[in-house]
Amino acid sequence: MSTILNVLWFILGGIFMGIGWALAGLLMFISIIGIPWGRACFVIAGFSFFPFGRTVISRDELTGQEDIGTSPFGFIGNVIWFLLFGLWLAIGHVVSAVACFITIIGIPFGVQHLKLASISLAPIGKTVVPYEVADAARQDNAASFVDRVRRG
């Protein structure tokens, strides 16, 4: 089912927002300092081209370890990102979502656009994984939290 939805998504407009993400990534790679943002753009561009069957998760939630993107530096990076590109990509996804919500068949596509709009605001420190991987990471984190609470 994910494959069918991804093909329909791509043909019916997903390509445009994916290209927007890729262009933002190329612009960020022009300067050396923009490479971390460009890398995040290309990860989200792939997700924007084919979003069904995958989800976005924080890297520290996935790995259990903080890295530079999930640290305070990542927060600063997300603030800079929001001011340069994030707001505009989010607006593009929200407008696309509204257009999708006009028809009943477009509702799943509109929901995906809203998910992409939320990631547009702060993509640093996030990664894209299949739903099963995200669920397994969240279950492992919950189990380790319960163990810590029981130990006191």
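The following exchange asks how several descriptions of this predicted model are justified.

Trainee: Why are H2 and H5 called roughly antiparallel?

Mentor: Helix H2 (residues 35-49) and helix H5 (residues 107-121) pack at an angle of about 170 degrees. Angles over 145 degrees count as roughly antiparallel, so H2 and H5 get that description. Their axes are 11 Å apart.

Trainee: Which residues of H2 and H5 meet?

Mentor: On the H2 side they are Ile44, Phe47 and Ser48, and on the H5 side Gln112, Leu116 and Ile119. By class, this contact has 4 nonpolar, 2 polar and no charged residues.

Trainee: What makes H4 and H5 roughly antiparallel to each other?

Mentor: The angle between H4 and H5 is about 170 degrees, with the axes 7 Å apart. That angle lies over 145 degrees, and therefore the pair is roughly antiparallel. The contact of H4 with H5 divides into 16 nonpolar, 7 polar and no charged residues.

Trainee: Why does Phe52 count as buried?

Mentor: Buried requires under 20% relative accessible area. Phe52 has 10% relative accessibility, so Phe52 counts as buried. Phe52 is found in the loop between H2 and S1.

Trainee: What is Phe52 in contact with, leaving aside its neighbours within four places in sequence?

Mentor: Its partners are Ser2, Leu5, Asn6, Trp9, Pro108, Phe109 and Gln112. As for Ile4, its C-alpha lies 9.1 Å from that of Phe52, while the two residues are 48 apart in sequence.

Trainee: Why is strand S1 described as largely enclosed by the rest of the structure?

Mentor: Strand S1 spans residues 54-58, and 4 of its 5 residues are buried, so the description applies.

Trainee: How do you know that S1 and S2 pair?

Mentor: At least two bridges between two strands are needed. S1 and strand S2 (residues 126-130) have 5 bridges, in the antiparallel sense. With 5 set against a minimum of two, S1 and S2 count as paired. Within S1, Thr55 stands opposite Val129 in S2.

Trainee: Which residues touch the most other members of the largest nonpolar core?

Mentor: The core has 23 residues, and those touching the most other members are Trp21, Ala24, Ile44, Trp81, Phe85, Leu89 and Leu116. Helix H1 (2-29), H2, helix H4 (72-101) and H5 each supply at least two residues of this core.

Trainee: What does Trp21 touch, not counting residues up to four places away in sequence?

Mentor: Trp21 touches Cys41, Ile44, Ala45 and Ser48, along with Trp81, Leu89, His93, Ile119 and Ser120.

Notes
Residues are numbered from 1 along each chain as its sequence is written. This is a predicted model: local features need pLDDT of at least 70, side-chain atom pairs count only at pLDDT 80 or more; totals for chains, interfaces and linings use all residues. Side-chain values use heavy atoms; hydrogens and water are left out. Axes are lines fitted to C-alpha atoms, for helices over the stretch in contact, and angles run from 0 to 180 degrees between N-to-C directions. Helices (H or I, at least four residues) and strands (E, at least two) are DSSP runs, numbered from the N terminus. Angles under 35 degrees count as roughly parallel, over 145 as roughly antiparallel, 65 to 115 as roughly perpendicular and the rest as oblique. Contact means heavy atoms within 4.5 Å. Ala, Val, Leu, Ile, Met, Phe, Trp, Tyr, Cys and Pro count as nonpolar, Asp, Glu, Lys and Arg as charged, and the others, Gly among them, as polar. Buried means under 20% relative accessible area, exposed over 50%, partly exposed in between (1.4 Å probe, protein chains only). A nonpolar core is a set of buried Ala, Val, Leu, Ile, Met, Phe, Trp, Tyr and Cys residues joined through side-chain atoms within 4.5 Å.
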